[in-house]
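I opened the file to look up the surface and the aromatic rings. My entries follow.

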Amino acid sequence: MRRSTSGRNTLTTVQITLPDQLAQEAQRAGLLAPARWEKWLRDQLRERQVDELFSALDRMAGVDEPAEMSPENVARDIAAMRAERRLKSAR
């Protein structure tokens, strides 16, 4: 990946390796345009967030009766969830 600055925006260049025939077909179909990739990546990220939300809701539904939580427990759980998200996004 390579970063560059364009006005206020910082841009990152990502290089992918594809078989020649696939790359040529994708190029002809307009699938390699930066705007197309940006939309696809944003859609994928949004879908992942929705999946995580439903997963959390499923876990919550599996709890018989929620226990009262102290502010410290809430902060600990939030920190753990954020750490889990960082790990998932790094994959």
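**Notebook: patch and ring pair**

I began with the nonpolar patch and looked up which element gives the most to it: α2 does, with three residues. I note that the model is a predicted one.

I then listed the members of the patch. V14, I16, L18, L22, W37, W40 and L41 make a nonpolar surface patch of about 640 Å².

Next I turned to the aromatic rings. How many aromatic pairs does the structure hold? I found one. The pair is formed by W37 and W40 and is edge-to-face, with 5.7 Å centre to centre and 80° between the planes. I checked the class against the cut-off: planes over 60 degrees apart count as edge-to-face.

I looked up where the two rings sit in the chain. Both W37 and W40 lie in helix α2, which covers residues 34-61. They are three residues apart, about one turn of the helix.

Are these two side chains buried or exposed? I read a relative accessible area of 32% for W37, so W37 is partly exposed. For W40 I read 45%, and W40 is partly exposed as well. The class runs between 20% and 50%, so both values fall inside the range.

My last entry concerns L11. I placed L11 in strand β2, residues 9-13. Its relative accessibility is 44%, so I entered L11 as partly exposed. I also took its separation from V74: the C-alpha atoms of L11 and V74 are 36 Å apart in space, and the two residues are 63 apart in sequence.

Notes
Residues numbered from 1 in each chain as written. Predicted model: local features only at pLDDT ≥ 70, side-chain atom pairs only at ≥ 80, totals over all residues. Heavy atoms only, no water. Phe/Tyr/Trp six-rings, centres within 6.5 Å; stacked < 30°, edge-to-face > 60°. Helix = DSSP H or I, 4+ residues; strand = E, 2+ residues; numbered from the N terminus. Buried < 20%, exposed > 50% of the residue type's maximum accessible area, 1.4 Å probe, protein only. Patch = residues over 30% accessible without salt bridge, like charges linked within 9 Å, V, L, I, M, F, W, Y side chains within 5 Å. Areas by Shrake-Rupley, 256 points an atom, 1.4 Å probe, with all protein chains shown as cover. Salt bridge = Lys/Arg side-chain N within 4 Å of Asp/Glu carboxyl O.
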